[in-house]
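This briefing is meant for a reader who is meeting the structure for the first time. Please keep the sequence and the 3D view at hand while reading.

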Amino acid sequence: MTNPQTTTTTLTAGPARATVDTANGCRLSSLRVGGTELLRQGPKYGAFPMVPWCGRIDHGRFRNGAETHQMPVNHPPHAIHGTGRDVPWRTVRAEDAFAAFAYELADTAWPYPGRVTQMAELAEDSLTLTLGVEAAEDSFPAQAGWHPWFRRNLGTGGDVEIDFAPAWQEERGEDHLPTGRRVDPRPGPWDDCFGMPDGVRVTLTWPGALELTVTSRAEWVVVYDEQAEAVCVEPQSGPPNGLNTLPRLVTPIDPLEISTTWAWRTLA
């Protein structure tokens with residue numbers, strides 16, 4: 001249900017409780033299972049949608065046909081993580097365990113009109129998120145994904161363990177952008193993009209507490225575990241700088257849609 005005073009929407013299903021903050025980029029500000037918070041808290045954390053691009057754009061510039069566009073450089077020297085996390089979204093529909101949200105691309109620095117939607121559906125043992133990007137007029141390249149900050153330690157056992165089997169790792173240059181070369185997966189710590197052509201599947205295990213598996217039909221995932229407080233598992237529709245290197249055009253009759261499911265089970 002929506003709280004008009006705090007612009008948050010809270011979903012509940014059995015022991016699970018999820019809160020979405022529409023004023024703060026439609027960010028999942030909390031995900032609690034049996035009273036245990038899974039996400040790092042704070043206005044920059046939780047789990048936010050990355051849209052209409054994911055990760056970094058090289059110096060904030062991308063091309064669409066003959067046109068070159070400059071995005072605000074919010075992580076010098078690059079633009080990072082899209083515009084959706086920086087604007088308020090509106091609540092389209094809110095029920096006990098389901099909600100839908102939207103914002104207009106024209107309300108941001110993005111040069112093309114269109115609409116972005118996010119749906120959240122909570123079950124007792126899972127959360128499914130779906131992002132959509134629609135073009136109103138001209139076609140444009142776009143990406144979508146999520147940037148969750150999972151707590152490294154839930155306070156009931158050891159640090160989280162990450163298990164996944166990517167087909168390759170995107171070699172990362174000194175500028176933190178993929179070089180275009182695919183290499184065999186390397187051991188962490190990571191701030192890296194991986195290819196999983198059969199779909200993203202990454203399992204996080206907090207020993208003695210909880211197991212959570214992130215899945216998506218998307219073929220790309222960024223894993224970031226260089227921070228002491230949290231780890232990030234980011235399913236996304238393309239690699240960093242993909243607006244330039246692997247553009248996926250969104251047209252008025254061909255929107256972009258991506259979903260992810262986080263399924264959990266308690267181990268205690």
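What follows takes up an open sheet, a hairpin and a cavity in turn. The model is a predicted one, and in it eight strands form an open sheet, while a single cavity of 30 Å³ or more is found in the structure.

**The open sheet**

- Following the sheet across, the strands come in the order β11-β12-β13-β14-β27-β23-β22-β18, and their pairing is antiparallel.
- The sheet has its edges at β11 (90-94) and β18 (161-163), each of which pairs on one side only.
- On average, and with direction ignored, neighbouring strands of this sheet are turned by 15 degrees against each other.
- Within the sheet, β14 (residues 126-135) and β27 (residues 256-266) run antiparallel and are joined by eight bridges, and Thr128 has Thr261 of β27 standing opposite.

**The hairpin**

- Strands β8 (residues 61-64) and β9 (residues 67-70) pair in the antiparallel sense over four bridges, with Glu67 in β9 as the bridge partner of Asn64.
- Two residues lie between β8 and β9 in this hairpin, and Gly65 in the turn has a positive phi of about 65 degrees.

**The cavity**

- The largest cavity holds about 50 Å³ of space, and its lining is made up of Val20, Cys26, Arg27, Leu28, Ala47, Pro49, Gln118, Leu129 and Trp146.
- By type, the lining residues of the largest cavity comprise seven nonpolar, one polar and one charged.
- Strands β4 (27-33) and β6 (47-50) each contribute at least two residues to the lining of the largest cavity.

Methods. Residues are numbered from 1 along each chain as its sequence is written. This is a predicted model: local features need pLDDT of at least 70, side-chain atom pairs count only at pLDDT 80 or more; totals for chains, interfaces and linings use all residues. Side-chain values use heavy atoms; hydrogens and water are left out. Two strands pair if DSSP finds at least two bridges between them. Axes are lines fitted to C-alpha atoms, for helices over the stretch in contact, and angles run from 0 to 180 degrees between N-to-C directions. On a 1 Å grid over the protein atoms alone, a cavity is a set of points where a 1.4 Å probe fits but cannot get out, and a pocket is an open set with protein on both sides within 12 Å along at least five of seven lines; lining residues have an atom within 4 Å of a point. Grid points are joined across faces, edges and corners, and a volume is the space filled by probe spheres set on the points. Ala, Val, Leu, Ile, Met, Phe, Trp, Tyr, Cys and Pro count as nonpolar, Asp, Glu, Lys and Arg as charged, and the others, Gly among them, as polar.
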